[in-house]
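Please prepare a report on the model shown below, with attention to how its parts are arranged and to its backbone geometry.

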Amino acid sequence: MSTKPKLYYFAGRGKMESIRWLLAAAGVEFEEEFLETRDQYEKLLQGGSLLFQQVPMVEIDGMKMVQTRAILSYIAAKYNLYGKDLKERALIDMYVGGTDDLMGFILMFPFLSAEDKEKQRAFIVEKATSRYFPVYEKVLKDHGQDFLVGNNFSWADVHLLEAILMVEEKKSDVLSGFPQLQAFKARMSSIPTIKKFLEPGSQRKPVPDDKYVETVRRVLRMYYDVKAN
């Protein structure tokens, strides 16, 4: 029996991508089972694997874990990416929560109409540059350290790098006014495990395409239209 974590999700980013990022940053190899049919999803439901009837689901250390935040917290704690004490953990939670809010604006982007996508693109860039990136820019400038919390990279740093790259896909020069974040991005991207994950052929997923959207809609029976913020 494999000891590698096994991830159950679609062959695309969605809520599972941050889990892939964190495992990869920790240097942990993992396996994936992609949901392509409704029958696969129904089998997980009927087998009791999906506690709240939803994915992502990760098999790790004899558990079948659901709820993205719980999975990420467990991985961060297991692989020493969750700070050295309670105060550092609180800061990491706070920064991850802010980054989650930003990433939430991007998560449903592929499911929008062409018209709504343009509106949402502008909304994402505006929120990133006026609300979220200034916070992290100031944190890095004020404490003068390489990472958001402590002297080693943590879950908060991995999450932020993922978010930066996602926003850059919407506007390539979005960091032009944030020199601290530019340097942070370069530092994080040079960490060996992360550098490997960013290379072609890794388990990092590409920008969601129409095939991904159609698969998710079919498997989850999403018959409604998603609206922009």
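## Domains and backbone of a predicted model

The side chains of Asp93 and Arg69 meet in a salt bridge at 3.5 Å, N to O, where a salt bridge is a side-chain nitrogen of Lys or Arg within 4 Å of a carboxyl oxygen of Asp or Glu. This is a predicted model, in which local features need pLDDT of at least 70 and side-chain atom pairs count only at pLDDT 80 or more, while totals for chains, interfaces and linings use all residues. Residues are numbered from 1 along each chain as its sequence is written, and side-chain values use heavy atoms, with hydrogens and water left out.

The protein chain is divided into domain 1 (6-79 + 198-220) and domain 2 (86-191), with bounds that come from an automatic or database domain assignment. Taken over C-alpha atoms, the centres of domain 1 and domain 2 are separated by 22 Å. In terms of contact, meaning heavy atoms within 4.5 Å, 21 residues of domain 1 touch 19 residues of domain 2. About 1600 Å² is buried between domain 1 and domain 2, with 68% of that area given by carbon and sulfur atoms; buried area is the accessible area (1.4 Å probe) that two parts lose on being put together, summed over both.

Between domain 1 and domain 2 the count of salt bridges is three. On the side of domain 1 that touches domain 2, the elements giving two or more residues are helix H1 (17-25), helix H3 (68-78) and helix H9 (210-220), helices being DSSP runs (H or I, at least four residues) and strands likewise (E, at least two), numbered from the N terminus.

The UniProt record, an unreviewed entry, places two domain features on the chain, and its annotations may be inferred rather than shown by experiment.

| UniProt feature | Residues | Helix | Strand | End C-alpha atoms apart |
|---|---|---|---|---|
| domain: GST N-terminal | 3-83 | 36% | 20% | 25 Å |
| domain: GST C-terminal | 85-209 | 68% | 0% | 41 Å |

The remaining points concern the backbone. Most residues other than glycine have a negative phi, and most peptide bonds are trans. Val55 and Pro56 are joined by a cis peptide bond, with omega about 15°, and Pro56 is found in the loop between helix H2 (38-46) and strand S3 (57-60). Gln53 is also found in the loop between H2 and S3, and the phi of Gln53 is near 65°, a positive value in a residue other than glycine.
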